[in-house]
Amino acid sequence: MGTGLHGRGALFDTEPPGLAARLTGLRPYQHISSPFEHPREPPFVVFAGVRGIGKSAVLQELRAAYKGHTPVALIDGEEAQFDRPPPHRPAHEWAPVSQAVLTIAEQLAEPVTGAGRIHFPRLASGLIAVAAGDWSDRDLPRIREEAERILLLNGTGSGVAGFAGRWVGKVVAKMVSATSTGTGSVVEPVIEATWEAVGEGLSATHRRLRRGASWYQGYPNAGGNPKLGLILLSGHSRSGGDPRTHAERYLVRALLADLQDAYAGVVRRTRRLGRPVVLIDNVQEPAVCRLMESVLRDRAGGRADQVVFFAALRRHRHPALRHAVRRTLPEVAGNSGWQPAATPSTRALLVALPPLTADNTLHLVDAACPGLPLPPHLPRAIQRLTGGNPLGVTLTAASARQNLPRGSTSLGALLTADVQLREDHDQRPAYREILDRLVPGDRLDELTVLAAAHDRDSAFTLAKALLPADFGAPDVLGLQARLAEEGHPAAPGHFVGDPFVRTLLLLRLHHQDPGHRTWRAAHRTLIDHYGDAEDHVRYRVYHELSLGDVDLAVSRLRDAFHRLHTRSWLSALVYVASAPYHPAHAPGGRSAGDPSYDDRAAVALGHTDAAQLPPQGVDAALHLRVRRLLYAVWQLTDPLVLPDAKVTERLRWELEQLSDQRSAGTELLWHASRDWPEDALAGRPLRVPGGDAGGA
C-alpha cells in the first residue's frame, strides 16, 4: 500500500482503488486520477474508535498521500486555538469556528501540481466582519496582524501587504470617528472602510474581494444589501444559540463556495485533478463538531459540494452522527455502500477502524527492530498484550528496539524500561508514554486506583478508602461513563473493561510509590470489601493472589475440584490465575529488590514440590497438582511475560493427569489439555469448553 501503516489497505490501496482513491479521484501518493465512487457528492467520512486505534495516524498519512497533488488541510479539534479563547479575550467575543475555517483555508490555498493558489474572497470578507466584532481603536497591532492573515486568503505578495496597510488605516480612522461620536459598535465602520478600500482598487485582489463581499447580500434579512449582511453576520457570530449557529454555517458555506469556484471553469493549463481534502482530528470537540454539522446540514439541504472530508472521532457514537451509515474498514475495501437519506447525519459514513491482526503486528515489530534477534514469541505476546492496538504495538516495538540490546526481554521489562520517542524528549517508562495517550490524562491518578475494581460497588469502596474526599460516587460514575463513551465500557468482572488499558493501569498502580504501598492498600481494601461472602469468593482469592498469597487460591481450587462442574471449575481457575503478578509480592518476600524474579515456571514444572508440605487430611497429590496447574496458567496467561514452551507442555500433562481423577469431567479436561497449550503459544485467551463461568 506504500504507507508506513499496517492493516489499512482498504483505505490506501491503489489496485484495486481503496476508499481514499475512490472519494478523492486521485491515487494516494500519485498525481494520477482514479474513478469516483460518488461523483455528485462524497460522504463525510468519520473514522471511529478508541484512543490509540490509529485514527490520527490515518489522517496524517492521508495528508502525506495527497499533499502537493490536491489541496489538503489538517486541523485538530483539541488544539488550544479551537478549544479556548486567546489570553485576555472574553469567551463571548471568540469565534472558534471562524478560527477553524481560517486555518483550513490557509492550508488549502497552497499551490499544487498543475494548478495555482486558491483564493477565498467570500470567506475573507466574512472573517473580517467577524473579527471586527471585538476590535477597538486601541488595538492597532492586533488589527493589523489579524487583518493581514485574513487578507492573505485572497492573494499573496507585497500587493496584499500594501493593501492591508492602507485598509487598516481606513479602518482605524473610521473606528476613531465612531468612538468619538458615540455610535457604539465598530463593526459598521469596519465594513464601510472595507467597502471603500476594495472599491477604489483595480487589481485582481480588489476585484475578488468585491465579488466576495457582494455574496453576503443573500444573508438572511440583508435585503440584498451586502454591507448589512456582513454586519448581521458579525453580530450573530457573537451571539449564542441559533444566531451563532447560523453565522457559523454561513462561514463554512463561504469556504465551500470559494472552493467550488476554484474547480469551476479553469483552463487546461491549471486543470485540477481530484477533489480537495479536509482532515479533522478529534471531531467530537465543539468547534470542529459544529463545522461538521454545518457541512452535513447543507448537504442534506441540497447544497452539494465536492470537498472530501475525513474526520476522526474518539468514540463509536455521537449525537450528530445518530443515523450515519456504519461500516468497518474492511467493508469499504471495494465499495462503501453509502446511500444518504433525508436527515443530515446520513450524509456521514462512519468507519470503525479495526485493531491490527497478528500478521500486522509481526510485520510492524520486525520493521521496528531491524537486525535485532527477537525472542520467538515476542510479536505474538505483543499482540496478546495490546489486543492489536496500533499505538500500543508501535510504542512497545519502539521499546524493544531500544531495550532488547540492554537485556530487557519480557514485556513487563520492556514496558517499565525507559524509551525515548524523540530526540528532543526525555526518556520515560514505555507504559507511561502509552497511558498518556490511551486514557483521559486529567483523571489518570483516580483511574489507576479504580483499575483494581471489579464493579461499581468495589470502585466506590476504593474511592472512599484511597482517593481524595472530593472524589466520590458521582465522580466514579462519571469516569465510568466517560470510559464507555470512549469505547472502554466495563466488562464482567472488571471496572476497566479493556484488558490492555487495565494491565497498564495496574502496572502504574504497582509503581505508584516506593514500597508499593498503594498497590497493597488497594488489594487489601478489596479483600476486606468482599470478606467471606461465598458468592464473591473468586474476587477475594484473586486479590489474595495479587498480594502473593497462593495458599487460599490453591485450597479453594483443590476443594472445589470435586464439587463444581468441571466447566465452572476451569473457568474459576482461569479467572483466579488472571491476577496480576508482581515480583515484589512473590511468596515469602524472596523477590524483594529483585525485579527479574519470577518463580512461576519453577513451581509449574514441579521443581519446588519437595519443599511443600500439603495440609494434613487433604489429597496431597491433588493439592500439588492444583498448585502446579495454577502456577502454569498464571504464567502462561500473564500479558507481561512471554509464554514458556516447557510450561505449556507441563500444562498439557497436568490436565491429562487431572482428567483421570474425575470421570464426569474427563472429556472437558482432555479438551482443555489440547486447547490451552495451543492458545497460550498463539497469544489467545484460554478457551474454556462451553464458555461457562463459575466461582472458586
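Which residue forms a salt bridge with R51, and how far apart are the closest N and O atoms? The first legend gives the answer. The views below are taken from a predicted model.

**View 1. The salt bridge between R51 and E486.**
R51 pairs with E486 in a salt bridge, and their closest N and O atoms are 2.7 Å apart. R51 sits in the loop between β1 (44-48) and α3 (55-66). E486 belongs to the loop between α21 (473-485) and α22 (499-510). The two residues are 435 residues apart, and the pair links distant parts of the chain. R51 and E486 are both buried.

**View 2. The salt bridge between R314 and E78.**
A salt bridge joins the side chains of R314 and E78, with an N to O distance of 2.8 Å. R314 is placed in the loop between β4 (308-313) and β5 (325-328), and E78 in the loop between β2 (72-76) and α4 (80-83), so the salt bridge ties together parts that are 236 residues apart in sequence. R314 has a relative accessible area of 11% and is buried, because buried means under 20%. E78, with a relative accessible area of 37%, is partly exposed.

**View 3. The salt bridge between R600 and D598, and a salt-bridge network.**
The side chains of R600 and D598 form a salt bridge at 2.8 Å, N to O. R600 is buried, with a relative accessibility of 0%. D598 has a relative accessible area of 32% and is partly exposed. In addition, D609, R625, R628, R650 and E654 are joined into one network by salt bridges that share partners. Over the whole structure, the search finds 37 salt bridges.

**View 4. The surroundings of T386 in helix α15.**
T386 is part of helix α15, which spans residues 378-386. The relative accessibility of T386 is 4%, so the residue counts as buried. Its side chain reaches the backbone nitrogen of G388 at a distance of 3.1 Å. With neighbours within four places in sequence left aside, T386 is in contact with G392, V393, T396 and F500.

**View 5. The largest cavity.**
The structure holds two cavities of 30 Å³ or more, and the largest cavity has a volume of about 50 Å³. What lines the largest cavity? Its lining consists of L256, L259, Q260, Y263, P276, D305, Q306 and V307. By class, five residues of this lining are nonpolar, two are polar and one is charged.

**View 6. The second largest cavity.**
The second largest cavity encloses about 30 Å³ of space. The residues that line the second largest cavity are H377, R380, A381, R384, P643, A680, L681 and G683. Helices α15 (378-386) and α30 (666-682) each contribute at least two residues to the lining of this cavity. Which helix supplies the largest share of the lining? The largest share comes from α15, with three residues. Helix α15 is also where T386 of View 4 is found. The lining of the second largest cavity divides into four nonpolar, two polar and two charged residues.

Note on methods: Residues are numbered from 1 along each chain as its sequence is written. This is a predicted model: local features need pLDDT of at least 70, side-chain atom pairs count only at pLDDT 80 or more; totals for chains, interfaces and linings use all residues. Side-chain values use heavy atoms; hydrogens and water are left out. On a 1 Å grid over the protein atoms alone, a cavity is a set of points where a 1.4 Å probe fits but cannot get out, and a pocket is an open set with protein on both sides within 12 Å along at least five of seven lines; lining residues have an atom within 4 Å of a point. Grid points are joined across faces, edges and corners, and a volume is the space filled by probe spheres set on the points. Ala, Val, Leu, Ile, Met, Phe, Trp, Tyr, Cys and Pro count as nonpolar, Asp, Glu, Lys and Arg as charged, and the others, Gly among them, as polar. Buried means under 20% relative accessible area, exposed over 50%, partly exposed in between (1.4 Å probe, protein chains only). A polar contact is a pair of N or O atoms within 3.5 Å; within protein, one must be able to donate a hydrogen and the other to accept it, and residues adjacent in sequence count only if both atoms are side-chain atoms. Contact means heavy atoms within 4.5 Å. A salt bridge is a side-chain nitrogen of Lys or Arg within 4 Å of a carboxyl oxygen of Asp or Glu.
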